[in-house]
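Hi,

Here's the structure I said I'd pass along. Have a look at it first, and then my notes below should make sense.

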Protein chains: 4
Amino acid sequence: MDNSFGTIFRITSFGESHGKVIGVILDGVPAGLDFDLEFIQNELDKRRPSQSWVTSERFEEDRVKVLSGIFEDRTTGAPLCLIIENKDIDSSLYEKYKKILRPSHVDYSALKKYAGFSDYRGSGRFSGRITAGFVMTGAIAKQILKKYKIEIFAYTKSIGNVVNTTKYSYNNISNLIELREKSLVRTIDRQSSKSMEELINKIKQDKDSIGGTVKCVVVNFPAGIGGPIFNGLESIISKAVFAIPGVKGIEFGAGFKATEMRGSEHNDPWVLDKDKIRTTKNDSGGIIGGISTGMPVEFTIAIKPTASISVPQNTVDIETMQNVRIAFKGRYDPCIIPRVIPVVEAMVANVLADCLLIEGFVPRVFK
Amino acid sequence: MDNSFGTIFRITSFGESHGKVIGVILDGVPAGLDFDLEFIQNELDKRRPSQSWVTSERFEEDRVKVLSGIFEDRTTGAPLCLIIENKDIDSSLYEKYKKILRPSHVDYSALKKYAGFSDYRGSGRFSGRITAGFVMTGAIAKQILKKYKIEIFAYTKSIGNVVNTTKYSYNNISNLIELREKSLVRTIDRQSSKSMEELINKIKQDKDSIGGTVKCVVVNFPAGIGGPIFNGLESIISKAVFAIPGVKGIEFGAGFKATEMRGSEHNDPWVLDKDKIRTTKNDSGGIIGGISTGMPVEFTIAIKPTASISVPQNTVDIETMQNVRIAFKGRYDPCIIPRVIPVVEAMVANVLADCLLIEGFVPRVFK
Amino acid sequence: MDNSFGTIFRITSFGESHGKVIGVILDGVPAGLDFDLEFIQNELDKRRPSQSWVTSERFEEDRVKVLSGIFEDRTTGAPLCLIIENKDIDSSLYEKYKKILRPSHVDYSALKKYAGFSDYRGSGRFSGRITAGFVMTGAIAKQILKKYKIEIFAYTKSIGNVVNTTKYSYNNISNLIELREKSLVRTIDRQSSKSMEELINKIKQDKDSIGGTVKCVVVNFPAGIGGPIFNGLESIISKAVFAIPGVKGIEFGAGFKATEMRGSEHNDPWVLDKDKIRTTKNDSGGIIGGISTGMPVEFTIAIKPTASISVPQNTVDIETMQNVRIAFKGRYDPCIIPRVIPVVEAMVANVLADCLLIEGFVPRVFK
Amino acid sequence: MDNSFGTIFRITSFGESHGKVIGVILDGVPAGLDFDLEFIQNELDKRRPSQSWVTSERFEEDRVKVLSGIFEDRTTGAPLCLIIENKDIDSSLYEKYKKILRPSHVDYSALKKYAGFSDYRGSGRFSGRITAGFVMTGAIAKQILKKYKIEIFAYTKSIGNVVNTTKYSYNNISNLIELREKSLVRTIDRQSSKSMEELINKIKQDKDSIGGTVKCVVVNFPAGIGGPIFNGLESIISKAVFAIPGVKGIEFGAGFKATEMRGSEHNDPWVLDKDKIRTTKNDSGGIIGGISTGMPVEFTIAIKPTASISVPQNTVDIETMQNVRIAFKGRYDPCIIPRVIPVVEAMVANVLADCLLIEGFVPRVFK
């Protein structure tokens, strides 16, 4: 239960950071979908470590392997099993973290939950590496959504206090993606990118880490999907997004800014645009009453700074039961945001594909 | 599926704003729990309209009735059916909103989903009135949590740009609740309360509405509850909280502020406190890796201004397909925050009771 | 969880035999369905007690009341709450069954599960009366299925050793239903009916009870519905059918007889019938690999004799912890089969409506 | 959804008969369980083909491999991924079954469901080979149950019309298993075994197949597990058992025989046995009202003859749309019963482990 998500398009995650593999089962994908291994690999490549100097030095090729569910290059209606192997494993450093709690790491809460039996190497199940599974199924979800011209786009909105304040038009998502992929930090605007890189460089020299925000937008998502009460789009998107390690907040549309607004400011007026109905602005983030309005679905997520840092910190040695100081020595990302971007897109793709299957908008077989 | 939440402690919502009843089924409540009807009624009273001049003028007594699941004043292990009746119904105004889309109301998205068949009177299933069901089961959940000294407390953190910035100690939750209940706007600090009331009064005179934020904290929640990946506490709390109409954002611990912080600032150092392990601060909001740390679970939610306002707004008449102007004439809350407080507490109680049952921390029978 | 069934078309059962009501929530019914209260009532009337001398003497009108989900005589997409009231309650007899275990009744197993807190009056949640809820939603499911000409028909195949061995053609289900409703025991063949009535009369005089079998068939069910592994049609039909009190066995197609057959006898040969493909016989019961074949879905269920009898029986007084003898004094059905017929049809209708919604065969809105 | 089963102890099946692997994910297994790879392999060995002349000639070693979830020889609380590889694959014969429907095989119903995209080689997802996954997780479930002295035992009750009518005492399950494993057909009684072997030999010479029944019993299962309505033990056991290819019927306790009995015969009298309460017989099969009574859980399942036979049969060529005759040429089991035995035990173990976790009877961590 803990490791599955979705009703029809359902993913089940498995694997550990320093185990043999990271994998995912995808059940409920419609039969007859062209399977594009290369596209999955491309998406994975955006997530993998050691892409550039801003990311972790762990070197993993992260080649996707398909164990089931594909026949003659098409989905069959059977569950897919997709894995990547863990190769560049160095668990030597983790032995000591059984005893010394890393601040803001899961060591203590996992100890309380699993009574010491969890695989702590490389943070085990709690590693960001788990998200590779989400990206693999997300790539398949994106291919389904693309059939309906639905596109998902995320980018780095801010790192630390460096904010990309440019408002983008969402008319040409492919172009935005292209621009984003030219930026080491996955923002779009070149000046913002440069400032963010400088900040990360400084943070890295300080052996520290830094947080940031990710903006995500879904275009051409049909109106009328979602529902009131427990399966509203905000409910299921937020549930999915908080599965990504480091996420500590989410806001839709105007979000926290809406709390300072009057209704007369915040309400999105409806207007006739030729014979189509749309709103003149989108402070609702494309969702009202949990249901899509046909406007872009927009949200922003908050990601805390990486907990692993080499700055010395106060903590407790639970073996000796003493207060001690620790400086983490493993490989880590000084700023995880650039690598979270493809994961956010993937999680949202997974969730929305499921919604569209539940509503019968996407069929169970692509004939 | 849309109207149910939880795995063992599972609530199913039904009823419409202008239908006969608002109701809820509660399955999975442990047998042998003393049933305290008065406590449920007290909680409901905090949510009901017409409490004071700051809330809607719809007058409803909201007396809870029990249709099933209780025998000799105790839960039996069978599902409870709890209802309140709708009495002060005036649907005359809503006929026209079939045709004229109310800005930032669900009219358009519901039309797209239900093709015009949904009950639009008083916003039907999308009414905030639905949350009375969450409050009824939440009161039962609170009674379960209380057996383990787990307490939940929410208060108004801000209304518009009036922010209650006081930091409260959570050592005496009963006292905080008492102070909060003395405030018409359900904040604690008297000066903040006064400023907030003044703001609402002005907003009301302007026939407008205003948003705000709610801070919620859970104390004495045991460490080790929750999990990585899809059933982390952030995932399930956020899923539940977004079921409350008007919620547009949530952040745990430092939340969006964490995105501007370095790891060395944000990380919560562990420290020995006599023989107990705790952190010296709680920017993690009591949750790391989706699992509770034993520190208070803390989060803040963003609530948009009520969409119903009497200020004239631009919109579309979908019958004539013309751009028109509308000024809403129904009864509404100029600021919903004070009435959302008991709902937030209840939703969190529901969710946490379920977690504790899944983990086997709470038994299936109170012998 | 225990009291809900289905994924999209989802029923949640509540109420007790001697509580205020028996009720059911139906979530996921498509919006825009004409609501036919009279048809629901007709179905309920087939299930209610005191229909004739072969059934229990408890007198209940069992008038269906709608608490939610209907607006302007159509479904809205919101959950329906349907109830009947319990009126002819006589709980005086049940006080003693707290102490003296009724053989083959749930007294002991419920005691072990609920530690004495369950509502034992009239067997509480374990009463066959609970099935009224299944019948109400089943009537709605039948109306959905009817749009696709799918019809469900069940009849009494045997009571005790009196077996109706006639093979019926399923070309005219309405006619079969009409004939069945002329039989007090809900079989079709008149001679069988007479023999069964005689047997029940004798059993009744003996203050005993008798079991029987029910044959159920679904016609015009489309090929290609269901699936391998855990959601095969046999899996979900059997799960639903065993929810009916007294059911102790189920077999599909040739069932237990198939175990004595060779493959060359049992296999159903495919044949071209004009340009349609069908089998020349149906020992598979219309299901192969968990998926419908387009042939009628056929199964038989075994129902044990009513546990409540007035013949003296050996048992244990758990208060005094003595072996004692007991003769039940409440009202009961000497043979429950005739009243189980509408329940079986309803459960199957519920299950199949859900399957067809999951597959996208039935839309979420009837525009 | 189709490929997952269970609420806490949850299995997700993947893989195809002629794909790379057969696999299973097991989520929710308690942390801290000793992992006994050898025991899993032993259980698998009972299921694998080519054990003796009575089984299929496909040669597979079926060595279990663990991809995740185990650390330092213990479960960690993370999902396990267990696979076996497919090696002795000969798909050449199956190309033609795309066109010519095999009687009582899934060819037609799968075609209707998956529109021709399913992997038909070796029957793909519909192959009995899928059940290897159930056996692997079932072995782990058995180890959990064993901690509570709960044991599961299945044996061949009949093959064709050869019935093992001996009544066994269930006091020494280990001994019964030992005797059963000495029988090629997995019955216990030596004379029955011999007669069954003779029958299978004859069937094999005739290039035909034969069905049979399996009796399964669970001893030391605690009273009070299960529930009324939808999660009664009969409901969930039957749902699980029908996931095994070839199963066409199930009956609990006296089952279909109960339908010919009077209540006074069928009811199981309670009796004091020293200070324990039990029944003097067990026609209820250890389950009343869906809840265990503390008596052995007993049921019998009906398995149809293998659909694959080399006897010529009438069918349809869907390419030419002609009636044709076919004689199957692949490798198959003339009687699958002996290999189904370990699968039945495993499925029941999976289901019961889940029940006990849901009830909190089994903890989430074995400290």
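The C/D interface is where I started: 102 residues of chain C are in contact with 102 residues of chain D. Bear in mind that this is a predicted model. Together the two chains bury about 8,000 Å², with 64% of that on carbon and sulfur atoms. If you want residues to click on, try C:Phe230, C:Lys248 and C:Trp270, which supply 11% of the area that chain C buries against chain D, more than any other three residues.

On the polar side, the rule finds eight salt bridges across this interface. One pair to look at is C:Lys113 and D:Glu359, whose side chains meet in a salt bridge at 2.7 Å, N to O. There are also 44 residue pairs in polar contact between chain C and chain D, counting pairs with both residues at pLDDT 80 or more. As for composition, the side of chain C that touches chain D has 47 nonpolar, 37 polar and 18 charged residues.

The backbone gets involved too. Strand E11 (residues 247-252) of chain C and strand E11 (residues 247-252) of chain D run antiparallel and are joined by three bridges. Within that pairing, C:Ile250 stands opposite D:Ile250.

Next, over to chain D by itself. How many residues of strand E10 (residues 212-219) are buried? Eight of the eight, so the strand is largely enclosed by the rest of the structure. Both of its faces are covered: D:Gly212, D:Val214, D:Cys216 and D:Val218 are buried on one side, and D:Thr213, D:Lys215, D:Val217 and D:Val219 are buried on the other. Yes, there's a lysine in that list of buried residues, D:Lys215.

E10(D) also has strand partners. Strand E8 (residues 151-159) of chain D runs antiparallel to E10(D), and eight bridges join them; D:Ile152 has D:Val218 as its bridge partner there. Strand E16 (residues 297-303) of chain D pairs with E10(D) as well, again in the antiparallel sense, over seven bridges. In that pairing D:Val214 is matched with D:Ile301.

One last stop, in chain B. B:Arg190 is found in helix H5 (residues 190-205). Is B:Arg190 buried or exposed? Exposed, with a relative accessible area of 74%. B:Arg190 and B:Asn164 are 26 residues apart in sequence, and their C-alpha atoms are 9.6 Å apart in space.

That's what I have for now. Shout if anything looks odd on your side.

Cheers

Definitions and conventions:
Residues numbered from 1 in each chain as written. Chains lettered and ligands numbered in written order. Predicted model: local features only at pLDDT ≥ 70, side-chain atom pairs only at ≥ 80, totals over all residues. Heavy atoms only, no water. Contact = heavy atoms within 4.5 Å. Buried area = accessible area lost by both parts, 1.4 Å probe. Salt bridge = Lys/Arg side-chain N within 4 Å of Asp/Glu carboxyl O. Polar contact = N/O pair within 3.5 Å; in protein donor to acceptor, adjacent residues only side chain to side chain. Nonpolar A, V, L, I, M, F, W, Y, C, P; charged D, E, K, R; others polar. Pairing = 2+ DSSP bridges. Helix = DSSP H or I, 4+ residues; strand = E, 2+ residues; numbered from the N terminus. Buried < 20%, exposed > 50% of the residue type's maximum accessible area, 1.4 Å probe, protein only.
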